[in-house]
Each structure stands twice: as structure tokens, then as C-alpha cells.
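Please look over the sequence and the structure shown below before reading on. The report that follows takes up the backbone, the sheet, the helices and the aromatic rings in turn.

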Amino acid sequence: MKITAVILGGGRGERTGFNRPKQFMNLGGRPLFDYSAEKFQALGVNTIVAVLVEDYDRYYRVHPAINQIAPAGLTRQQSVLNGLKVCPPGTDIVIIHDSARPFFSTTGVKKALDLLGQNRYDGLALAIPATDTLVEIKEGKIVGFPERGAIYQTQTPQIFFYEKFFNACLKLQELNFTDDLSLAFSAGLRCGLVEGSRLNFKITTELDWLMAEKILSSGGLEFV
Ligand code: CTP
Ligand code: MG
């Protein structure tokens with residue numbers, strides 16, 4: 001199986017309030033983007049594609065494990081499509097990952113690869129069960145409390161059979177999706193979840209960044 005990892009670094013990180021895209025900021029002394037690049041290198045994927053903002057070289061020295069660079073799109077979904085377009089011919093499986101999640105578990109990715117290998121699914125995402133009470137609002141009014149036990153939150157990496165997923169992305173490119181699994185599901189692909197971790201949070205705000213720094217400096221990562 002030929003595996004390509006597409007790591008997304010095409011966003012501007014507006015919500016952090018930093019003066020440069022977060023993926024190029026140093027976290028614990030090295031660029032955030034490199035955490036993901038090195039994990040996929042350690043996993044032994046065949047190719048690593050980085051989707052990067054146009055002016056990335058103002059901020060970032062490209063990690064040597066990266067084989068190919070694709071240009072960012074206006075949205076995450078368009079960035080994913082740009083990454084898929086440069087995957088080498090013969091790619092069987094593609095892994096889509098947000099560089100804003102440095103602490104993902106390679107165990108979860110291996111499990112997903114195993115399930116795809118058994119041809120039980122077309123796509124899988126790391127996910128965690130919701131832990132807060134959920135409430136649904138319409139026009140400012142509470143309309144219900146969805147059963148929490150039935151709700152999971154997806155993370156990345158998300159892992160797919162390349163051709164099926166690429167075709168789904170082309171077919172549904174006019175619609176908007178917040179992740180890749182939801183797009184795949186809408187296209188009729190067989191979708192599933194594998195166990196993620198609460199540590200695999202997405203660094204979105206400055207507070208998330210500070211928490212990531214704390215986690216690293218306290219050495220609390222043995223179980224990742
Ligand atoms: N991303 C991307 N291309 C875009 C937008 C986002 O590749 N046009 C990537 C980001 O680099 C990030 C991931 O998608 O790794 C998740 O997006 P998010 O956390 O929203 O990051 P940003 O879009 O950079 O942040 P913000 O929304 O605060 O500007
Ligand atoms: Mg964004």
C-alpha cells in the first residue's frame with residue numbers, strides 16, 4: 001500500500017492573534033508544522049505533501065521529510081483538494097492532517113490503516129466522545145438536548161482510499177464541509193471512527209498555544 005500524508009498549513013491562524021501563521025511559530029523550540037512532519041516520517045509513509053501559504057518561505061525552513069509542496073486554497077477544503085492533486089501517481093491511501101494538531105497518536109493512525117487494509121471502510125477519522133452536555137439552539141432559543149452518548153467529535157488525521165476520496169472531493173467541491181469525513185460520508189463512502197485522544201486538540205487560540213507549551217514543558221506526552 002502506497003501511503004501519502006497531506007499536512008495542512010495553508011491557514012493564516014487569525015484566531016491566535018499572532019503576527020504569523022501559527023504552523024510556523026516555534027512550539028517548544030521547533031516549528032509547529034515539524035511535529036506532524038516528523039510523526040509521519042516516523043510512521044514510514046511513502047510521501048509527505050505540505051500544503052502551505054504562498055509566502056511560507058518568509059517564516060519557515062521546509063522540513064527535510066517533506067517531499068512536495070502544494071499551494072493553499074481559500075478554504076481548508078480547497079487546500080485539501082490542492083494537496084490531493086499533487087499526490088504521486090500510485091497513491092493507494094491518503095492521510096489528511098491539520099498541522100495545528102501536533103499531539104496526535106500514531107497508534108490511532110495505525111489502527112485506521114489496518115481497518116482500511118481489511119477493506120471494511122473507505123475512510124476513518126480519529127474521534128473522541130463528547131464530554132460536555134450538548135444543547136441545540138434555533139433562533140436564540142433552546143430546542144433540545146441531543147443525547148450526549150451518541151455524539152463524537154472528529155479530529156485529524158483522517159485516512160481514506162485515495163481515489164475514492166479524491167473523486168468525492170471533486171464531486172462535492174461546491175458544497176462546504178468542516179472536515180474530510182463529513183464530505184466522504186455525504187458522497188456515500190463507508191465511513192468510521194477510531195479512538196482519538198483529548199490531547200489531540202487543535203491549537204486554535206492563544207490559550208491553546210499556551211496549553212500546548214505547558215504540556216510539552218511538563219513532559220506529559222509519554223502516552224501520546
Ligand atoms: N488550513 C488550510 N487552508 C486554509 C485554511 C486552513 O490548509 N485555507 C489548515 C490550517 O493551516 C490548519 C487546519 O487547516 O492546520 C485547521 O484550520 P484552523 O485551525 O482553522 O487554522 P487557520 O485557518 O490557520 O486558523 P484561523 O481559522 O484562526 O485563521
Ligand atoms: Mg480556519
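## Backbone, sheet and helices

Pro157 has its place in strand S10, which covers residues 152-161. In this predicted model, the peptide bond that leads from Thr156 to Pro157 is cis, with omega near 5 degrees. Such a bond deserves a second look, as does any positive phi outside glycine, because most residues other than glycine have a negative phi, and most peptide bonds are trans. Asn119 is not a glycine, and yet its phi is positive, at about 55 degrees; this residue is found in the loop between helix H3 (106-117) and strand S7 (123-129). Glu139 also takes a positive phi, near 45 degrees, in the hairpin of S8 and S9, where two residues stand between the strands.

Strand S10 also belongs to an open sheet of seven strands, whose order is S5-S4-S1-S6-S10-S7-S11 and whose pairing is mixed. The edges of this sheet are S5 and strand S11 (191-195), each of which pairs on one side only, and from one strand to the next the twist averages 30 degrees. For a reader new to sheets, it helps to recall that strands of a sheet pair through backbone hydrogen bonds, either parallel or antiparallel. The table sets out two pairs of strands, both antiparallel, together with the number of bridges in each.

| Strand | Partner strand | Sense | Bridges |
|---|---|---|---|
| S6 (residues 93-98) | S10 | antiparallel | four bridges |
| S8 (residues 136-138) | S9 (residues 141-144) | antiparallel | three bridges |

Individual bridge partners can be named in both pairs: Val94 is matched with Phe160 in S10, and Lys138 is matched with Lys141 in S9.

Helices also lie against the sheet. Helix H3 packs on it and touches S1, S6, S7, S10 and S11, with a direction that makes about 50 degrees with that of S10. Helix H4 packs on the sheet as well, touching S6 and S10, and its direction makes about 115 degrees with that of S10.

How do helices H2 and H4 cross, and at roughly what angle? The axes of H2 (residues 76-85) and H4 (residues 162-171) come within 10 Å and cross at roughly 135 degrees, which means that H2 is oblique to H4. The crossing in which H2 passes H4 is left-handed. On the side of H2 the residues in contact are Val80, Leu81, Leu84 and Lys85, and they meet Tyr162, Phe165, Phe166, Cys169 and Leu170 in H4. Sorted by class, this contact has eight nonpolar residues, no polar ones and one charged residue.

Aromatic rings form a further set of contacts, and with ring centres within 6.5 Å taken as the limit for a pair, the count comes to eight aromatic pairs. One of them joins Phe24 and Tyr59, whose ring centres are 6.0 Å apart and whose planes stand at 10 degrees, so the pair is stacked. Because Phe24 lies in the loop between strand S1 (3-9) and strand S2 (26-27), while Tyr59 lies in the loop between strand S4 (47-52) and strand S5 (68-71), the pair ties together parts that are 35 residues apart in sequence.

Terms used. Residues numbered from 1 in each chain as written. Chains lettered and ligands numbered in written order. Predicted model: local features only at pLDDT ≥ 70, side-chain atom pairs only at ≥ 80, totals over all residues. Heavy atoms only, no water. Axes fitted to C-alpha atoms, helices over the stretch in contact; angles between N-to-C directions. Parallel < 35°, antiparallel > 145°, perpendicular 65-115°, else oblique. Left-handed = near helix turned anticlockwise from the far one by under 90°. Contact = heavy atoms within 4.5 Å. Nonpolar A, V, L, I, M, F, W, Y, C, P; charged D, E, K, R; others polar. Pairing = 2+ DSSP bridges. Phe/Tyr/Trp six-rings, centres within 6.5 Å; stacked < 30°, edge-to-face > 60°.
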